[in-house]
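Load the model and keep the selection panel at hand. The stops below go from ring pairs to a helix, then to a sheet, then to another helix.

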Amino acid sequence: MPKKRAGGGRSRTRQAAKFLGVSVLAGAVLAGIALPAAGALGLAAKTSVGAFDDIPANLKTPPLSQRTTILDSDGGEIASVYSRDRTVVGLKDMSPYIQQAIVAIEDARFYAHGAIDLKGILRAVNKNAQSGGVAQGASTLTQQYVKNVFVEEAGDDPDKVAQATQQTLGRKVKELKYAIKLEEKLGKRRILQNYLNITFFGEQAYGVESAAQRYFSKHAKDLDVGEAALLAGIVQSPTRYDPVNHPQAATARRNTVLRRMADLKDITRAQAEAAAARPIELKVSRPQNGCITATDGAGFFCDYVREVLLNDPTFGRTREVRSKRWMQGGLTIRTTLDRQSQKSIQASLSKHVYADDPVAGAGAVVQPGTGKILGMGQSRPYGFGPNQTQINLSVNRRMGGGAGYQPGSTFKPIVAAAALEQGVSPYQQYSSPFRMAYPRPIQTCTGEWNGGGALTNEDPKEVGPYAMKEATAKSVNTYYVQLISDIGICPVVTMAKKMGLQRADGNPLEQGPSIALGSQEMSPLTMAAAYATFAGEGTYCSPVAIESITDDRGRALDVPKSNCHSAMSKKTADTVNALLKGVVEDGTGKQAGLKGRDSAGKTGTTDSRYAAWFVGYTPNAAGAVWVGDPRHQRQMYDITIGGVPHDKVYGADTPGPIWRDMMTGALAGRPAPDLPAATIDDPRNKGDQGDQGDQGKPKPNPKPKPEPEPGGGDNKPGGGWHIPGFPGFLGGGNGGW
């Protein structure tokens, strides 16, 4: 009988396997690169390779997904967000040990072969034939990098990830061709750098810098030989060799890497043995990803920033493009958030409304004249647990909020501003009965309103006649309905739009007289920005949250700018200031008044106590506070909020103190300029001007009024008065203050 070769009767099997493996791979590469038009692989191979000739010659490497850092206005970190926790660094910022370790264990002949290691292929085929399975791979480091690029490009789409990792000849050939092109274009060191930045190291860490931070809380450049060997060993199977959950397996794998490094003379045998003798010493940094990690209640502001990037066309023409940009990350976003204001907003809300209360509270503060959002917060923390939420109660639905809340009487100043712009005097009086039917018809922007219904004032004792200042201070409903019936609904809708007021659900404003009483659902941020118009001398600025953005290369990106425009004349704004200063000085908002600085504002409470508000401002900040049930189910009667029992909740007794405390803290240590305000006197001191009667129609002024008498003052009996632009006094009657 003929003699058998050493190794037994399996030699022919091994030879056949070697021949088949090398033939398939070499044939595929030659067919695609050298002979693209030839059917060198036959019909079956052609169907495996697929559209080989369509593969682009140059490798299109997608930018690596990295963490995005969101900063406050002073540069302090709010949160880091990422789809991949990765920080890209150069080889100079990687320890030489990690470079040597990854090459030693993954591709020892990396610097000796090209994109394809034929010796490695033969060795793997032989090993796998002996084992009867897949005991050893033949992919070079360059091929592995290409595969990782495919996976990175697939993102979190499971179907695309499956396609990127499928074990088919077509994918392998594509991988090989890309690898060859990469070697030509980038060279070994650049490929190694890219590989170490893209590779997954387990525990949500992508790239060696994030891995060094995750496992050792240090930079990649500071890794010692044992730490580098541990990280290099993880790459083959991040789950199996996870040192956090499987320390024994990770230790054994580390020691294998150390021996391999010694075999290749990267380190001495003594170094390898010394490192292997030491136990693994981890200093794990847990992932800190997303807006949930933000402090001082800034998670909702953080989420708002994300919504801006996803919704604003400044960052791309389509949502798909914008979403891809956000997921790619690598951005440094400096925002408008003022840390002092944010802390004060959150502290006040947490003090006055508990997270487990049956209702919630939310607040937002903006800067007049710029639209910068200084902060936003709410009583229910950002999160997924009990009494937590991810719905931003301060903003509109399209920006991550809900359907909004009726602002109640906080809308009345918008009606006042519209009337003043139409030439109505602040001394205009109406009969303002306790109860009345809605007048009809009333002019709208498209025709007439001819609905029905009736309304009342909050207190049966609230019976006119009233002029505008007292009606505003006491929040007299019937006064404002009589006012809007005179000027029409369209001027109010027009003024609302100029002041950025829109329904939180995105629907158009409904044109009925109840708009004067705040029947249209809105968000706190919308209301705060609108009231900032009064503080800004009639200029409205749309809210903005982002100051600047730089990418991972330090290049500045375009960011949305505030749209500032005149919504009303300065004299109208100054007159509204006078009306609303009266609210906090003598009216329903006294509990919200600030000490030591000018302020103005308005309370609001809706029918059935589903919502209560206070919206107010100083010259340097405007804020809105809402309290209620986000589901619009719980009426605020016989209720305890923040440990305080209420028979029924008013805008003055719950939102008002929240606003006072949050603004006091936000403005502490900051300038306290005067709030420009017109002078509006008590109409009882002008009784000789006659009574306008119950119909409440504005009437021509008989003649201009004199300048103030010496010694006269604002709201002082016997004092004179003057309002530029409002020459007449339509007061009189028996309205009281």
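Start with the aromatic side chains. There are twelve aromatic pairs in the structure. The model is a predicted one.

**Stop 1: F300 and Y382**

Select F300 and Y382. Their ring centres are 5.2 Å apart and their planes stand at 75°, so this is an edge-to-face pair. The cut-off for that label is an angle over 60 degrees. Now colour by secondary structure. F300 belongs to helix 13 (residues 299-311), while Y382 is in the loop between strand 5 (373-378) and helix 16 (412-421). The pair therefore ties together parts that are 82 residues apart in sequence.

Are these two residues buried or exposed? F300 has 2% relative accessibility and counts as buried. Y382 reaches 15%. Buried means under 20%, so Y382 counts as buried too.

**Stop 2: Y430 and Y479**

Move to Y430 and Y479. This pair is edge-to-face as well, because the planes of the rings are at 75°, with the centres 5.1 Å apart. Y430 sits in the loop between helix 16 and strand 6 (435-437). Y479 sits in helix 18 (residues 477-487). The two are 49 residues apart, and the pair links distant parts of the chain.

Show the surface here. Y430 has a relative accessible area of 0% and is buried. Y479 is buried, also at 0%. Add Y480 to the selection: Y430, Y479 and Y480 make up one aromatic cluster.

**Stop 3: charges over rings**

Select R609 and Y650. The charged end of R609 is over the ring of Y650, at 4.5 Å from the ring centre. Then select K188 and F110. K188 lies over the face of F110, 4.5 Å from the centre of the ring. Remember K188 for the last stop.

**Stop 4: helix 13**

Go back to the helix that holds F300. How far apart are the end C-alpha atoms of helix 13? They are 18 Å apart. At 1.5 Å a residue, 13 residues should span 18 Å, so the model agrees with the expected span.

Colour helix 13 by accessibility. Twelve of its 13 residues are buried, so to speak of it as mostly covered is fair. Among the buried ones are G299, F301, C302, D303, Y304 and E307.

**Stop 5: the open sheet**

Select strands 5, 4, 16, 15 and 14. These five strands form an open sheet in the order 5-4-16-15-14, with antiparallel pairing. Which strands stand at the edges? They are strand 5 and strand 14 (600-605). Each has a single partner strand, so one side of each has no neighbour in the sheet. On average, neighbouring strands are turned by 5° against each other, direction ignored.

Zoom in on strand 14 and strand 15 (residues 611-618). Six bridges join them in the antiparallel sense. To find one, pick T603: its bridge partner in strand 15 is F614.

Now show helix 21 (residues 570-586). Helix 21 packs on the sheet and touches strand 14 and strand 15. The direction of helix 21 makes about 65° with that of strand 14.

**Stop 6: helix 8**

Finish with helix 8 (residues 188-198). This helix is mostly covered, with eight of its eleven residues buried. K188 is one of them, and I191, L192, N194 and Y195 are also included.

What covers the buried residues of helix 8? Show helix 3 (96-106), helix 5 (141-154), helix 7 (169-185) and helix 9 (208-216), which are included in that cover.

Key. Residues numbered from 1 in each chain as written. Predicted model: local features only at pLDDT ≥ 70, side-chain atom pairs only at ≥ 80, totals over all residues. Heavy atoms only, no water. Phe/Tyr/Trp six-rings, centres within 6.5 Å; stacked < 30°, edge-to-face > 60°. Helix = DSSP H or I, 4+ residues; strand = E, 2+ residues; numbered from the N terminus. Buried < 20%, exposed > 50% of the residue type's maximum accessible area, 1.4 Å probe, protein only. Lys NZ or Arg CZ within 6 Å of the ring centre and 35° of its normal. Expected span 1.5 Å × (residues − 1). Pairing = 2+ DSSP bridges. Axes fitted to C-alpha atoms, helices over the stretch in contact; angles between N-to-C directions. Contact = heavy atoms within 4.5 Å.
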